[in-house]
Amino acid sequence: YLAQQLGVEVMADTQVTAVRSKSSWDAGYCGDRSGDGGGGGSSDGGGENETTLVEAVQRIGPLRKKRRRFTADRVVFAGGVLGSVDLLLRMQKDADGLPNLSPQLGTRVRTNSESLLGISTLDPTDHSEGVAIGSVLHVDDNTSLETVRYPAGSGLFRLLMAPHADGKNSLHRLLGVCGKLFRRPWRWLRAYAVRDWAKRTVILLYMRCDEETMRLRRGRLGGLQTQIAKGGGPTAYMPGASKLARMMAQRLGGVVGCLLPETLFARPTTAHILGGCVMGKDSETGVIDANHQLHGYPQHLVIDGSAVSANPGVNPSLTITALAERAMSKVPAKADTSVN
């Protein structure tokens, strides 16, 4: 809202497909310089100082898409790890894109090393009322637990949840789930069949400051692939999280559930993927500098979770916000060309 009051246009259902240097534009790579006539051009309407061409696809109907082109002096990448890093990896391999990006691109990707558990109960208390995250328990110097609420009507997670069971591998987990369902089938059925799942469920977000990192790279078929780089990779087996969840379930008279991938494949699910465009003094140590400018392309900035260089062990939203405010304070204000 505040950005729109300053003249920003928010284009919904639009995906950026390429960010290219002006040399590609001059070489005729993109054909007609007039763009699509529907909003292209920099904010000041100039053309000589525009150094970047941005290509995008906008969905304008169930089956219709429209190509859009824009020119700009600066570009801010803020699509999160799975958006910004993916786009930059594609542009790194594109000779007409941003081929001089740091070789560190896609490295040091990490999560909050978290476990996402749900306590479903038949208690009439409405657990959807209140702020989304209302408290945090610091279990130790490296571990925290946050209680999370979803607003009433947010029941999608019900379809993704399965009974939670301890175990280092899928077989142990599946056997544990079968045992729980066999011993108390009606209790589980009643808990999962409540009218409004969000009102009857408390989410526990268990996070640790572990140094488990991955690398993202482009696969042969075009999609993102992950590779474990350090620390053995994130794990779904967290006895501490299970213990706290059982204690909460006992207090609320409920049952503990987790997301299906954890039960079926022993693979953790993250709400906070970070890194991939981390800071460094040069292109050999990082993708961006201390002011969030891309090494090799200082007119471009990366300002989202991919710029976070470490695992804070807590919800990173405020950290990302603080980094964004600091980065914007380093960008010179636009000169006032108005005539008095």
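**Exercise 1. Work out which residues are linked with R20 in a network of salt bridges, and where they sit.**

Step 1. Start with the network itself: R20, E55 and D94 are linked by salt bridges. For a salt bridge, a side-chain nitrogen of Lys or Arg has to be within 4 Å of a carboxyl oxygen of Asp or Glu. Keep in mind that this is a predicted model, where local features need pLDDT of at least 70, side-chain atom pairs count only at pLDDT 80 or more, and totals for chains, interfaces and linings use all residues. Residues are numbered from 1 along each chain as its sequence is written, and side-chain values use heavy atoms, with hydrogens and water left out.

Step 2. Take the pair R20 and E55, whose side chains meet at 3.3 Å, N to O. This pair links distant parts of the chain, with R20 in strand 1, E55 in strand 2 (residues 52-59), and the two positions 35 residues apart. Strands (E, at least two residues) and helices (H or I, at least four) are DSSP runs, numbered from the N terminus.

Step 3. Check the cover. Buried means under 20% relative accessible area, exposed means over 50%, and partly exposed is in between (1.4 Å probe, protein chains only). R20 counts as buried because its relative accessibility is 6%, and E55 is buried too, with a relative accessible area of 9%.

Step 4. Now add the other partner: the side chains of D94 and R20 meet in a salt bridge of 2.7 Å, N to O. D94 lies in the loop between helix 3 and strand 5 and R20 is in strand 1, so this pair ties together parts that are 74 residues apart in sequence. D94 is buried, just like R20.

**Exercise 2. Find what the salt bridge of D86 and R218 ties together.**

Step 1. The side chains of these two, D86 and R218, meet at 2.3 Å, N to O.

Step 2. D86 belongs to helix 3 and R218 to strand 10, so parts that are 132 residues apart in sequence are tied together.

Step 3. D86 has 16% relative accessibility and therefore counts as buried. For the overall tally, the structure holds 6 salt bridges.

**Exercise 3. Describe the largest nonpolar core and its best-connected members.**

Step 1. A nonpolar core is a set of buried Ala, Val, Leu, Ile, Met, Phe, Trp, Tyr and Cys residues joined through side-chain atoms within 4.5 Å. The largest has 26 residues, and F77, L88, L98 and L294 touch the most other members.

Step 2. Sort out the suppliers: among the elements that each give at least two residues are strand 1 (14-21), strand 3 (65-72) and strand 10 (213-218). Helix 3 makes the largest contribution, 6 residues.

Step 3. Zoom in on F77. Leaving aside neighbours within four places in sequence, F77 is in contact (heavy atoms within 4.5 Å) with residues including V19, L88, L98, L294 and V302.

**Exercise 4. Trace the open sheet that has the order 4-14-13.**

Step 1. The sheet has 3 strands, and the pairing is mixed. Two strands pair if DSSP finds at least two bridges between them.

Step 2. At the edges are strand 4 and strand 13 (293-294), each pairing on one side only.

Step 3. Strand 13 and strand 14 run antiparallel and are joined by 2 bridges. Here L294 is opposite Y297 of strand 14.

**Exercise 5. Decide how well strand 5 (residues 115-121) is covered, and name its partners.**

Step 1. Count the cover: 7 of the 7 residues in strand 5 are buried.

Step 2. Look at the two faces. S115, L117, I119 and T121 are on one side, with L116, G118 and S120 on the other, and both faces are covered.

Step 3. Follow the pairing. Strand 5 pairs with strand 9 (residues 201-208) in the antiparallel sense over 6 bridges, and S115 stands opposite Y206 there. Strand 5 also pairs with strand 12 (residues 254-259), again antiparallel, over 5 bridges; in this case S120 faces V255.

**Exercise 6. Place V139 and state its exposure.**

Step 1. V139 lies in strand 6 (residues 133-140).

Step 2. With a relative accessible area of 41%, V139 is partly exposed.

Step 3. Not counting residues up to four places away in sequence, V139 touches S144 and L244.
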